[in-house]
Amino acid sequence: LIMFFCSGKLLAYSVLLLLALVSFGRAICSLTMKDMEAETIEKGKRGHLIGLASSLSGGLTLISAIVFILSEQSLTHKISYGLLLTGGFAYLFSMTFSIPLKVEYQVADSRKSAEHFWTLLKHERNLRHLIISRILLMQSALIVPFIVASTANENAEGNQLAYFLGLSALASLISSYVWGILSDKGAVLTLRIATLFSVIASFAVSWGIEHFSLYMIYTL
């Protein structure tokens, strides 16, 4: 709705605010889903479920990317508004699936919970390593927007973002279920392999970003 009725700086600031809001909501959903999975799905099957869900979402995203690629409209035209509205209704529709779920938990005292966390962090070496690893692996999620921004060129023909979106969705569609199965067998080994792939991709992009940008400009 903001894209319909706003323009200029108001549009820019509103989009940034909404992106922050979406990120906050995604973080809460991620934490909550992990708690719900721990309560409702037995250990050894959670990776299969998450991988399957990620593959299906990748397939839906791939369809959107194909629509963008085949269409002559830019991302700011009617097709984009339609997909935004569809995504919004999909969020609302997903809420209906949470209604029958019942998860029992005890609400802990916030002060005691914080003290307990810092005590665990002080004495549990594995927990410290897990938190540090998770923080450092943030780059794996942040690198994609930087790749898109680095290859963007006003003189480039075609819709580069649509191709990036399609490739990312295709990768998710093909690999997520496999990663889920592997994580059920050995989560630490899976994390190490995925981290290695992220490092290789990061260095490869940083090394060849200029050549890649020229390729995108003259071929797309």
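1. The accessible surface of the protein, in what is a predicted model, comes to about 17,300 Å², and 69% of that surface belongs to carbon and sulfur atoms. Of the 220 residues of the protein, 17% count as buried, a figure worth keeping in mind when reading the points about single residues below.

2. On the overall build, the protein has 9 helices and 0 strands, and from the N terminus on its elements run α-α-α-α-α-α-α-α-α. Among the contacts in the protein with a separation of 6 or more, 66% are accounted for by residues 24 or more positions apart. One pair that shows such a separation is Ala 53 and Tyr 177, which are 124 residues apart in sequence, while their C-alpha atoms are 8.1 Å apart in space. Ala 53 has its place in helix H3, and with a relative accessibility of 43% Ala 53 counts as partly exposed, because that value lies between the limits of 20% and 50%.

3. Helix H2 deserves a careful look along its whole length. H2 has 33 residues and reaches 47 Å from its first C-alpha to its last, which is close to the 48 Å expected at 1.5 Å a residue. Which residues of H2 are buried? They are Ser 14, Met 36 and Glu 37, and what covers these buried residues includes H1 and H3.

4. Leu 11 also lies in helix H2, which covers residues 8-40, but Leu 11 is partly exposed, because its relative accessibility of 24% is not under the 20% needed to count as buried. When neighbours within four places in sequence are left aside, Leu 11 is in contact with Ile 2, Met 3 and Cys 6.

5. Helix H4 can be checked in the manner used for H2. Its 18 residues, 78-95, should span 26 Å at 1.5 Å a residue, and the C-alpha atoms at its ends are 26 Å apart, so the expected span and the one in the model agree. The buried residues of H4 are Ile 79, Ser 80 and Tyr 81, and these buried residues pack against helix H1 (2-5) and helix H3 (46-70). A reader following the cover of these helices will therefore meet H1 and H3 at the buried residues of H4, and will find that H1 and H3 are also included in what covers the buried residues of H2.

6. Helix H6 has 12 residues and reaches 17 Å from its first C-alpha to its last, close to the 16 Å expected at 1.5 Å a residue. How many of the 12 residues of H6 are buried? The count is 0, and H6 is accordingly described as hardly covered.

7. Arg 128 has its place in helix H6, residues 125-136. Arg 128 is partly exposed, because its relative accessible area of 31% falls between 20% and 50%. Not counting residues up to four places away in sequence, Arg 128 touches Leu 121, Lys 122 and His 123. With Lys 122 there is also a polar approach to inspect, since a polar atom of the side chain of Arg 128 lies 2.9 Å from the backbone oxygen of Lys 122.

8. Is Thr 190, a residue placed in helix H9, buried or exposed? Thr 190 is buried, because its relative accessible area of 9% is under the 20% limit. The side chain of Thr 190 reaches the backbone oxygen of Gly 186 at 2.8 Å. Leaving aside neighbours within four places in sequence, Thr 190 is in contact with Trp 179, Leu 182 and Ser 183.

9. The last point concerns a nonpolar patch on the surface, with an area of about 480 Å², which is made by Leu 189, Ile 193, Leu 196, Phe 197 and Ile 200. Ile 200, one of the residues that make this patch, has its place in helix H9, residues 187-219. Thr 190 is likewise placed in helix H9, but Thr 190 is buried at 9% relative accessible area, whereas Ile 200 contributes to the nonpolar surface patch.

Terms used
Residues numbered from 1 in each chain as written. Predicted model: local features only at pLDDT ≥ 70, side-chain atom pairs only at ≥ 80, totals over all residues. Heavy atoms only, no water. Helix = DSSP H or I, 4+ residues; strand = E, 2+ residues; numbered from the N terminus. Buried < 20%, exposed > 50% of the residue type's maximum accessible area, 1.4 Å probe, protein only. Contact = heavy atoms within 4.5 Å. Polar contact = N/O pair within 3.5 Å; in protein donor to acceptor, adjacent residues only side chain to side chain. Expected span 1.5 Å × (residues − 1). Areas by Shrake-Rupley, 256 points an atom, 1.4 Å probe, with all protein chains shown as cover. Patch = residues over 30% accessible without salt bridge, like charges linked within 9 Å, V, L, I, M, F, W, Y side chains within 5 Å. Salt bridge = Lys/Arg side-chain N within 4 Å of Asp/Glu carboxyl O.
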